[in-house]
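Trainee: Could you take me through one part of this model up close? I'd like to see how a single spot ties in with what surrounds it.

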Amino acid sequence: MTLVDQIMDTCIDLFSGVLRFAFLKDEAEKAQKREEYLAGDAKKYLGLLEKLVQEGDYKLLDANRKKVEQLPKIKEYLAKRPVTEF
């Protein structure tokens, strides 16, 4: 498995955990499940991501992100996009 695949799979796992509480109607339950997630699985997945990024060449990833953000239509979208929980 390539480094990019590992990073993407970990991101999917991380985001999937958020879906377990993100759309709950009960705000108290939502807050509790969020805190549990942040203290447990999220901490684990973020640790894995940090390790994977350190193994890869983060400078190249960061340079690519900055280059993509400067594309005219993406730059315009980023300036106007709505604020969301994600």
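Mentor: Let's start with Arg-20, which is exposed, because its relative accessible area is 53% and anything over 50% counts that way. Keep in mind that we're looking at a predicted model. Arg-20 sits in the loop between α1 and α2, and it makes a salt bridge with Asp-41, where the closest N and O atoms are 3.8 Å apart. That partner belongs to helix α3, 21 residues away, so the pair links distant parts of the chain. Asp-41 is partly exposed, at 29% relative accessibility.

Now look at the helix that comes before that loop. Helix α1 covers residues 3-19, and its 17 residues should span 24 Å at 1.5 Å a residue; the end C-alpha atoms are 25 Å apart, which agrees. Its buried residues are Ile-7, Thr-10, Leu-14, Gly-17 and Val-18. Looking down the axis of α1, you'd find these buried residues within an arc of 110 degrees, so they line one face of the helix. Here's a handy rule: an α-helix has 3.6 residues a turn, so residues three or four places apart point the same way. What do the buried residues of α1 pack against? They pack against α2 (27-39) and α3 (41-55).

That brings us to the inside. The largest nonpolar core has 10 residues, among them Ile-7, Leu-14, Val-18, Phe-21 and Leu-49. Both α1 and α3 give two or more residues to this core, and α3 gives the most, with four. Nonpolar side chains tend to be buried together in soluble globular proteins. For a close-up, try Leu-49: leaving aside neighbours within four places in sequence, it is in contact with Ile-7, Thr-10, Cys-11 and Leu-14.

Back to charges, since the Arg-20 pair has company: the structure holds six salt bridges. Compare that pair with Arg-65, which bridges to Asp-62 at 2.6 Å, N to O. Both lie in helix α4 (residues 58-69), three residues apart, about one turn of the helix. Arg-65 also bridges to Glu-69, with the closest N and O atoms 3.0 Å apart, and those two are four residues apart in α4, again about one turn. Which of these are buried, and which partly exposed? Asp-62 is buried at 16%, while Arg-65 is partly exposed at 39% and Glu-69 is partly exposed at 28%. Add Lys-66, and Asp-62, Arg-65, Lys-66 and Glu-69 are linked in a network of salt bridges.

Technical notes:
Residues are numbered from 1 along each chain as its sequence is written. This is a predicted model: local features need pLDDT of at least 70, side-chain atom pairs count only at pLDDT 80 or more; totals for chains, interfaces and linings use all residues. Side-chain values use heavy atoms; hydrogens and water are left out. The expected span of a helix is 1.5 Å times one less than its number of residues. Buried means under 20% relative accessible area, exposed over 50%, partly exposed in between (1.4 Å probe, protein chains only). The arc is that of the directions from the helix axis to the C-beta atoms. Contact means heavy atoms within 4.5 Å. A nonpolar core is a set of buried Ala, Val, Leu, Ile, Met, Phe, Trp, Tyr and Cys residues joined through side-chain atoms within 4.5 Å. A salt bridge is a side-chain nitrogen of Lys or Arg within 4 Å of a carboxyl oxygen of Asp or Glu.
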